[in-house]
Amino acid sequence: MRKFRKIIAAAAVFCILACAACVTASASQGTTYTYTISNNGEWIRTQEAYVPSMVYFKDAGLSKPNDIFIYENFIYIADTGNRRIVVFDRDGGGYSYIENESFMSPMGLFVSDTRIYIADSGAEAVYITDRSGKLLQTITKPENSPLMSSMSIFKPLNVAVSREGNIFVVGEGSYDGLMQFSPDGEFQGYFAANKRNLTMLERIQEMLYTREQKEQLLTRKPSAIQNIDISSRDLIYSVTQSDEVKYSWVESISKTSNALKMHNMAGTNILSTSEFMDDEWNFVDVASGPYNNVYAVTYTGLIYEYDGNGDLVFSFGGRAVSNDRYGLFTYASAIDLDENSFIYVLDKERALVQVFVPTDFAVATHKAIYDLESGNYEDAEENWLQVLQLNGMSRIAHIGYGKSLMRQQRYSEALDHFKIAGDVGNYSESFWEIRQAAINRVMPFAVAAFFVLLVLVMVRQLVFKTRRKKVYSSYGLTGIESRGFKRLRIDIGYAFTILKHPADANYYLKKGTRGSVISATFLLLTAFAVYIADLLCRSFIFNVNNNSDLTPLMLTLLFFIVFFLFVIGNYMVSTINDGEGSLKNIYIMLCHSLMPYIIITPAVVILTYFLTVNEGFIISFLWTAGIIWSGALIFTGVMQVHNYSFRQSVKNIFLTLFFMVLALVVVAMLYLVWNKVTEFAGEIISEVSYRVKK
Amino acid sequence: MSRLHSARGRFIDRHSSMLLIAPYGFLFSLFIIIPVGAAIVLSFTYFNTIEPPDFIGLSNYINLFTNDSVFMQYVLPNTLLYAIFVGIGGYILSFFMAWTLAQLTKIPRTILTVIFYSPSMTGGVMLSTIWSVIFSGDKRGLLNTLLLKMDIIDDPVQWLQSGSFLMPIMITVALWSSMGVGFLAILSGILNVNQEYYEAGYIDGIKNRFQEIIYITIPSIKPQMLFGAVMAVVNTFKDGGTGVLLSGSNPTPDYAGQLIANHIDDYGFIRYEMGYASAVSVVLLVFIYIMSRVVGGIFNSSDE
């Protein structure tokens, strides 16, 4: 922790210096803010990662260009409106054109060492030319292929080619997935189709409708892939726009769509294992980066960069509304990278290409990611530290720094950073290593101590041969003479009886020979303390709550409102249902029934400091056992207190729960109309006072 | 008379019990005590069946509880889940089956008892003939055909190879074959309850059959109930065949059906780490012992 404070201090100093430097150097500022994901999973601003620099093709006469591809020094643009491909030499600065009368509307292109692949949706063909533009081969819709129905349309939107020459074609409305062709143009089948999840309504329709009715419904197609790119490892990235989300005004749904995917050979998505990814539903293009990173752009001009695990690194850019500022887009249509990781984004409306240059911050981040993945942990540590000094809140930086420390076996330092980043998995892994070392250190002494104790016990048994007499508890048969503090002590001690003899204990509690309101209140307060400890004092690995979100007042209210609503509700329900118990009986019974919870939960909380995720089931099992045991005690308690049969008790408990819900609803309604009520009362009072005065 | 007074006679008299117990003692120690003792000793060693065992202290146990993520993440929760469902569920099921059968006349009762009891005898064969056909992963599997026909699923489900379905199927199959020795004991117990108790009970105010069970039947057959409970605990904890037979592999897919017995098999007879396997068996032994004590405690405490 001390180390981290140093880092913050260093970061602060650095920031001040950097600001001072900025003023004098007047560095170009980004048009939009750059965002990343913070420690607690929220969007936060970070330093500029990319700044807009150059603009290409400003007066090149492009018309509705749809794709950009950068190969060595050349920028290729699919100039759809002019039915040609424009090639720009970044060194020489001259334009050249690839034209052919069979081009109708070239939408996407891919350039390899010797070939140019052009996807033309108007001509329904993929043209393959050599680098000079001479047409070599045309792939049209496969005829008579058993793999493709004659009904399906073939309108290629974009194309990507693997190192072996396999051609992947994105088709318009091709919900079967990407079309895969062999190097000589033969159709190989579909690849990486999206899945279509049924909505609730559709599930119900599926269950109830007859076959005829189902045929009348619209066919349910999955979304077609929007665009693809191929990485240096020949893995295909795809982006999909989802229709369902387009109409959704619930923002959170757009997070679940996994719009960006990385496909393995089988077409399965291997980018992000979690269902939640910080993505957008309107991605139009994707470009793979050199460090397993990947860039995606929405048509509104938002550019997202992800690392190899699908975690968001940076997000920036945006839409130009009624002005022409650099760094914003009217309608972004394609994205690509050059060898320096400069980002080229094509604007379809304004028919130009804008270039974004990574800042030192972005370069440092990339270097750190790269070093960590390639195993240069010492370099990675240094680079991540640099990134952390620039932005001490960055989640990926903390995780990256922690990982590089962990790989260098500096586990206890790594722990701090995983904790800050909220990374339970890695924290648990580091903690496991620390614990393992401790076990190996302590084990011999523990074993020795165990045997010494064993011998001592045996010796003691040999020496004092008398067996301890079993003391039978009278379970409250005899009255207690003592009063005051001594009585309280005995009552609290008696609370343990309920664990093994719930029926007996509840009987004597009801009769009043054991237990009292004071001892019950003591138990209730203990239970409350245990409840608070369970929520707040668990170790980091098992603490599912974000402590900063919990206010003490809310927790207190939650606990006591639920408890007393149950007591009052149970009393009210039982008085009209022949229940024998008084309010006091019910209160005492309920407090005593919390005993298993009071005993087991502290043990659970202490255990969380010794267990890792690996042994996590022990925690959840014990905790659930405590709750179930307490629940069972409450049930038997209700039976005893009200002298109910099994069925009556079930009914009683359900009615009590119903009362609790009802009471909460009434309070909520009162709360909503509270203003009106006070207003009404106030008006009456003023009216009355007015009349009286008169 | 005179023989008893001689010293030799007294010696024989005093120690003849030793001689009588000797055959049993010999067999018991040969088949139970020595193997269990050997397992305990081996559990402190590294033993791969080729080289002589190598004493490594407690590290097998330490590894088991801290290092073996399969054991902690899958085996232990699975075993517990399986024991709770199959142990408790199967026990309740066999009691009610036995009670229901006890209401029948002799001939149908005998026939049905044999039918109910047979799955637990012929477990392995029945598993592969009946359940594998029902849960077969192709389109011709009975369950798949049915669900496909009803348009509930689009593709056949790999029931026995999927991590999420294997455990529920194992529990179903185990419940189906849980009418074992405990069931027979409970049945004979119920049949031997003195009928006069029931009449007396009705005079004393028992209102229905449920009260009859609670107040008369269960208290009367407590020994058989205890026997059935212990058998249920022991059987569910040491059961390991179902998952492996159903899925056809050990380890089971995604460790979904991995129980302690499978884990022992895995280490003992697939990886030949006998020392480690012995340590797991010792842990299993301790588990069963504790559970039997708990069960015994439950049944004894209620008659105080």
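This report describes a predicted model, going from its domains and interfaces to strand pairing, nonpolar cores and backbone details.

**Domains and contacts of chain A**

The domain assignment divides chain A into three parts: domain 1 (1–48 + 360–470), domain 2 (50–358) and domain 3 (484–675). Domain 1 of chain A is thus assigned as two segments, 1–48 and 360–470. Between domain 1 and domain 3 of chain A, eight residues of the former are in contact with six residues of the latter. Helix 9 of chain A supplies the largest share of the domain 1 side, six residues. By class, that side holds four nonpolar, three polar and one charged residues.

Helix 9 of chain A also takes part in the contact between the chains. There, 11 residues of chain A are in contact with 11 residues of chain B. On the chain A side, two or more residues each come from helix 9 (424–463) and helix 17 (616–642). Helix 9 of chain A gives the most, with five residues. The chain A side consists of five nonpolar, two polar and four charged residues.

**Strands 4, 5 and 6 of chain A**

Strand 5 of chain A (residues 74–79) pairs with strand 4 of chain A and with strand 6 of chain A. The pairing with strand 4 (residues 67–71) is antiparallel and has five bridges. The pairing with strand 6 (residues 84–89) is also antiparallel, over six bridges. A:Ala78 in strand 5 stands opposite A:Asp67, and it also stands opposite A:Ile85 in strand 6 of chain A.

Both connections are hairpins. Strands 4 and 5 of chain A have two residues between them, and A:Glu72 in this hairpin takes a positive phi near 50°. Strands 5 and 6 of chain A have four residues between them, and A:Arg83 in the turn has a positive phi of about 55°. Why does strand 5 of chain A count as largely enclosed by the rest of the structure? Five of its six residues are buried, so the strand is largely enclosed.

**Nonpolar cores**

The largest nonpolar core has 113 residues, of which A:Leu109 and A:Val126 touch the most other members. Because domain 1 (1–48 + 360–470) and domain 2 (50–358) of chain A both give residues to this core, it lies between them. Beyond its neighbours within four places in sequence, A:Val126 is in contact with A:Tyr117, A:Ile118, A:Ala119, A:Ile139, A:Pro156, A:Val159, A:Ile167 and A:Val169. Apart from the largest core lies another of 56 residues, among them B:Trp131, B:Leu166, B:Leu245 and B:Met274. In soluble globular proteins, nonpolar side chains tend to be buried together.

**Chain B as a whole**

Chain B contains 15 helices and two strands. Its radius of gyration is 25 Å, whereas a compact globule of 304 residues would have one near 19 Å. The C-alpha trace of chain B spans about 90 × 70 × 35 Å along its principal axes. Of the 304 residues of chain B, 32% count as buried. Among the contacts in chain B with a separation of 6 or more, 66% are between residues 24 or more positions apart.

**Backbone details in chain B**

Most residues other than glycine have a negative phi, and most peptide bonds are trans. The loop between helix 13 (241–247) and helix 14 (260–270) of chain B contains B:Pro251. The peptide bond from B:Asn250 to B:Pro251 is cis, with omega near 0°. B:Tyr255 lies in the loop between helix 13 and helix 14 of chain B as well, and has a positive phi although it is not a glycine. The loop between helix 14 and helix 15 (274–301) of chain B holds B:Tyr272, likewise a non-glycine residue with a positive phi.

The positive phi values named in this report are listed below.

| Residue | Phi |
|---|---|
| A:Glu72 | near 50° |
| A:Arg83 | about 55° |
| B:Tyr255 | about 55° |
| B:Tyr272 | about 55° |

Are B:Tyr255 and B:Tyr272 buried or exposed? B:Tyr255 has 20 other C-beta atoms within 10 Å and is therefore buried, since the cut-off is 20 or more. B:Tyr272 has 13 C-beta neighbours inside 10 Å, so it counts as partly exposed.

Note on methods:
Residues numbered from 1 in each chain as written. Chains lettered and ligands numbered in written order. Predicted model: local features only at pLDDT ≥ 70, side-chain atom pairs only at ≥ 80, totals over all residues. Contact = placed C-beta atoms within 7 Å. Nonpolar A, V, L, I, M, F, W, Y, C, P; charged D, E, K, R; others polar. Domains from an automatic or database assignment. Buried ≥ 20, exposed ≤ 12 C-beta atoms within 10 Å, placed from the backbone. Pairing = 2+ DSSP bridges. Core = buried A, V, L, I, M, F, W, Y, C linked by C-beta atoms within 7 Å. Rg over C-alpha atoms; globule rule 2.2 N^0.38 Å.
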